[in-house]
Amino acid sequence: TGSTTFEVIQALTIVKTYNFDFLMFGFIFSFTAFLFKVGAVPFHMWLCDVYEGAISPVTMFFALIPKIIIFYVLLKILFCVFASEYVV
């Protein structure tokens, strides 16, 4: 789409003036990257190695804060950008 603004991407999904397959291809890769950051299955196997050498407060900070932010971004993408796809 050439833009990273959610409003522009949503407008382009409504008018469908482009190949929707490319948008979904990019969305799948972005969604996979977010799931990797959150530590969802099957990416959870690497989290133990990452947090092994850090002290507890640092581990808690780096385990909790990015997950909260990534969940917010995922929900915003799913319910703001692609909400028009599911409205009847």
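Here is a short chat about how some labels on this predicted model were reached.

Me: Before we start, what are the ground rules?
Reply: It's a predicted model, with local features needing pLDDT of at least 70, side-chain atom pairs counting only at pLDDT 80 or more, and totals for chains, interfaces and linings using all residues. Numbering runs from 1 along each chain as its sequence is written, and side-chain values use heavy atoms, leaving out hydrogens and water.

Me: Why is isoleucine 55 called exposed?
Reply: Exposed means over 50% relative accessible area, buried under 20%, partly exposed in between (1.4 Å probe, protein chains only). Isoleucine 55 comes in at 56%, so exposed is the label. You'll find isoleucine 55 in the loop between helix 3 (47-51) and helix 4 (56-81); helices here are DSSP runs of H or I, at least four residues, numbered from the N terminus.

Me: How many of the chain's 88 residues, as a percentage, are buried?
Reply: Buried residues make up 17% of them.

Me: What makes the lining of the second largest pocket nonpolar, polar or charged?
Reply: Ala, Val, Leu, Ile, Met, Phe, Trp, Tyr, Cys and Pro count as nonpolar, Asp, Glu, Lys and Arg as charged, and the others, Gly among them, as polar. The lining includes Phe36, Trp46, Pro66, Lys37 and Lys67. By that rule, the split is eight nonpolar, no polar and two charged.

Me: Which helices supply at least two residues each of that lining?
Reply: Helix 2 (20-38), helix 3 and helix 4 do.

Me: What is the chain's overall pattern?
Reply: Reading along the sequence gives α-α-α-α, with four helices and zero strands.

Methods: 1 Å grid on protein atoms, 1.4 Å probe; cavity = no way out; pocket = protein on both sides within 12 Å on 5 of 7 lines; lining within 4 Å.
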